[in-house]
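User: I'm new to reading protein models and would like a close look at the salt bridges in this one. Could you walk me through them and then show me what surrounds them?

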Amino acid sequence: AHIPFVVVDRNDSLEDIAQKYHYPFFINEDPHTEIAMLKCHLSSARGVITLSNNIADNIAQITSVRLYERELGRKPYFVIGNAKNNEDEEKLKKLGADSAVSPSRLFAQRVNAMATRPDMENLLERFAYQKDTPLDLEEIIVPRYSWLVLKKLKEAHVREITQTSVVGITQKDGKFISMPNGDTLVTSGCKLLVIGTSQGVRLTKQLISKKDKPEELKYV
């Protein structure tokens, strides 16, 4: 996804692993220590993903990151943790993780999708999961200051202006509307699921993020 990252792990084989999998940056330290956070320039990062198989290590990492962000006085990191079961997922979330994932559950969901909707899975493999593809699928949050808030979806004219399509809307309460029609009301904080070219999705973000109604809409 062209997002720079640093791998931090206390592992004697880390250099060999980094060369094999082309890690751009890596640090051989215990991830939750202060020296590791300083070396990886955590202060300028957007988030942290902790993937230890040991729940205690993940807890230590999440706790350390939350304490570090408070010391810096910065906006919260987005933190993802690795969990073996539902109990561990809930525990990590209570301790500060924004999201907790279970590899076994993700594997089961993926296999189920492949078995029941093989054509859809092939489509996602081709367009959504790979980089440098002709199509992108992305959720775009509608900010509270957007000119589109409390307007009908058809008033955005995204297809005419950016050549993208809104195929779903996730409302602030979590309710998902699939294939919304033009009369669907756009609310503050909702997420538009948009499909189109990379450039089209980028233009759609710019269109939605404007405070005043865009000039180009006068000609649609």
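Analyst:
**Salt bridges and their surroundings**

Let's start inside a helix: Glu-69 and Arg-66 join their side chains in a salt bridge, with N and O 3.1 Å apart. Keep in mind that this is a predicted model. Side chains of opposite charge can pair when their charged atoms come close. Glu-69 and Arg-66 sit three residues apart in helix H3, so about one helical turn separates them. An α-helix has 3.6 residues a turn, so residues three or four places apart point the same way. Are Glu-69 and Arg-66 buried or exposed? Both are buried.

Now for a pair that reaches across the chain. Lys-154 makes a salt bridge with Asp-183, and their closest N and O atoms are 2.9 Å apart. This one links distant parts of the chain, 29 residues apart: Lys-154 is in the loop between strand E7 and helix H7, while Asp-183 is in the loop between strands E9 and E10. Lys-154 counts as partly exposed because its relative accessibility is 45%, and Asp-183 is partly exposed too, with a relative accessible area of 45%.

How many salt bridges does a search of the whole structure find? It finds eight. Another of them joins the side chains of Glu-29 and Lys-39, at 2.9 Å from N to O. Glu-29 belongs to the loop between strand E2 and helix H2, and Lys-39 to helix H2, so the pair ties together parts 10 residues apart in sequence. Glu-29 counts as buried because its relative accessibility is 14%, whereas Lys-39, at 45%, counts as partly exposed. Arg-10 comes in here as well: Arg-10, Glu-29 and Lys-39 form a network of salt bridges.

Back to the neighbourhood of H3. There's an open sheet of three strands, ordered E3-E4-E5 and paired in parallel. E3 and E5 are at the edges with a single partner strand each, so one side of each has no neighbour in the sheet. From one strand to the next, the twist averages 15°. H3 packs on this sheet, touching E3 and E4, and its direction makes about 165° with that of E3.

Helix H4 joins in too. Its buried residues are Asp-88, Glu-89 and Leu-92. They span an arc of only 105° around the axis, which puts them on the same side of H4. The buried residues of H4 pack against H3, E4, E5 and helix H5. On the face turned away from that buried side you'll find the exposed Glu-87 and Lys-94.

Key:
Residues are numbered from 1 along each chain as its sequence is written. This is a predicted model: local features need pLDDT of at least 70, side-chain atom pairs count only at pLDDT 80 or more; totals for chains, interfaces and linings use all residues. Side-chain values use heavy atoms; hydrogens and water are left out. Buried means under 20% relative accessible area, exposed over 50%, partly exposed in between (1.4 Å probe, protein chains only). Helices (H or I, at least four residues) and strands (E, at least two) are DSSP runs, numbered from the N terminus. The arc is that of the directions from the helix axis to the C-beta atoms. Contact means heavy atoms within 4.5 Å. Two strands pair if DSSP finds at least two bridges between them. Axes are lines fitted to C-alpha atoms, for helices over the stretch in contact, and angles run from 0 to 180 degrees between N-to-C directions. A salt bridge is a side-chain nitrogen of Lys or Arg within 4 Å of a carboxyl oxygen of Asp or Glu.
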